[in-house]
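Hi,

Here is the structure I promised to pass on. Have a look at it first, and then read my notes below.

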Amino acid sequence: MAGLIEIKETEERVILIAVNGDGGEAAASLDELEELVNTAGAVCVDKIIQNREQIHPGTYLGKGKVDEVKERLWELEATGIVCDDELSPAQLRNLEELLSTKVMDRTMVILDIFASRARTREGKIQVELAQLKYRAARLVGLRKSLSRLGGGIGTRGPGEKKLEVDRRLIHERIGQLKSELEDVKRHRELSRQQRSRTHTPVAAIVGYTNAGKSTLLNRLTQAGILAEDKLFATLDPTTRALELPSGEKILLTDTVGFIHKLPHHLIEAFKSTLEEAKYSDVILHVVDCSNPHMDMQMHVVYETLRQLEIENKEIITVFNKIDRLEEPSAFRDFSSDYQVRISAKTGEGLDELLALLESIFRSRKIYLEKTFPYAKAGKIQLIRQYGQLLNEEYNEDGIQVQAYVPAELFAGLMEE
């Protein structure tokens, strides 16, 4: 139709930059950063790595490399740069001044993705809290743009700088969000107490982002949650009931994915969500065994669990995506108690995983063999609900039962 002007959103074209220290993992880390940038809706037009022992304290890169980046920005008509590490306020300010372009870091990109992915009230509170903590730490670095004189209603006086107003507003909002998060945490703890009262075993699914956690939960429980081949496709934890082959019910909880250089603000903000793993009976560590950086990803997961003080748990390492392997390979995880190979997509190996879960939970129960008088038949309902009834026979003197029951119920069931 004539006369209409098509307005297209400007595409963000970014250059990714990293410093390669002793570890020599910069190239792999930049590949992951490219995925993050794509997930956030931008396009990577170039990657630049500087080999130097340490990150430059003032400008992240050395002077010569900064000049090279400036040239590439102009040549490629890029709209910004993304650094692979979290930048200090000074580095952020200096780079923006030297390059005259938008400067972001890995944390900003992750926070941006999290903001677009959060669906529940808790998820939104956690993301906003992480963003504000990040911003509060960088207000000093942005002082040039924030140093205009403020005034009017709601400020401490006409001479107060906008920087101070911003800082106070941010800290007030952080306080408000923390108390809201405490409410959510209390609600979560009540749910956990309810679960422990019903003696329902819980398995928490953890793993690197995009390892296939949501696909596994969907496959086992028909949860119907979003499962995309993207980083951080799901953010909010989902808990679903799963019936094991014996008929016993357990709960499966999906948690937010971990990632290399996961910002500290995020671990802090998502602590209540990630603590689902802390209160679980078993951890299912899902690993994408088709990923060439599988070992590094496994290390990141164990490091994050350590930071969250989640220790002394039985861990099943679930080597997922075996359907993507061209030839069979032997995988080991010396940090876990059990290993199983599956494809959450095709269903291969899931029977073995369910049988393993069943044997783990059965080993925690006590074998019970007893004849209950008919007047106490209600106790058999308890066994059906929380244990595993193997056999029941109706005789003259009562109901003879063979079963596995939770240790907490055993004493009560044995009472005459």
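Searching the whole structure for disulfides (pairs of cysteine sulfur atoms within 2.5 Å) turns up 0 of them. Two of the cysteines are buried, a word used for under 20% relative accessible area, with exposed for over 50% and partly exposed for in between (1.4 Å probe, protein chains only). Cys44 counts as buried at 16% relative accessibility, and Cys83 does too, at 0%.

Before you go further: this is a predicted model, where local features need pLDDT of at least 70 and side-chain atom pairs count only at pLDDT 80 or more, while totals for chains, interfaces and linings use all residues. Residues are numbered from 1 along each chain as its sequence is written, and side-chain values use heavy atoms, leaving out hydrogens and water.

So how confident is the predictor? pLDDT is its confidence in each residue, from 0 to 100. The mean for the protein chain is 83, and 86% of the residues reach 70 or more. Residues 1–8 stay under 50, and the model has 0 contacts for them beyond four places in sequence (contact means heavy atoms within 4.5 Å). Residues 141–160 also stay under 50, but there the model has 28 such contacts. Where pLDDT is low, don't read the predicted coordinates in detail.

Now for helix 3, residues 89–99. Helices (H or I, at least four residues) and strands (E, at least two) are DSSP runs, numbered from the N terminus. Gln91, Leu92, Leu95 and Leu99 are buried in helix 3. Looking down the axis, these buried residues fall within an arc of 100°, so they line one face of the helix (the arc is that of the directions from the helix axis to the C-beta atoms). They pack against helix 2, strand 3, strand 4, helix 4 and helix 5. Just after helix 3, Ser100 has a positive phi of about 50°.

Last, the rings. There are 3 aromatic pairs, meaning rings of Phe, Tyr and Trp (its six-membered ring) with centres within 6.5 Å; planes under 30 degrees apart are stacked, over 60 edge-to-face and the rest tilted. The ring centres of Tyr374 and Tyr394 are 6.3 Å apart and their planes are at 25°, so this pair is stacked. Tyr374 sits in the loop between strand 11 and helix 13, and Tyr394 in strand 12, so the pair ties together parts 20 residues apart in sequence. Tyr374 is partly exposed at 41% relative accessible area, and Tyr394 is exposed at 54%.

Cheers

Note on methods:
pLDDT is the predictor's confidence in each residue, from 0 to 100.
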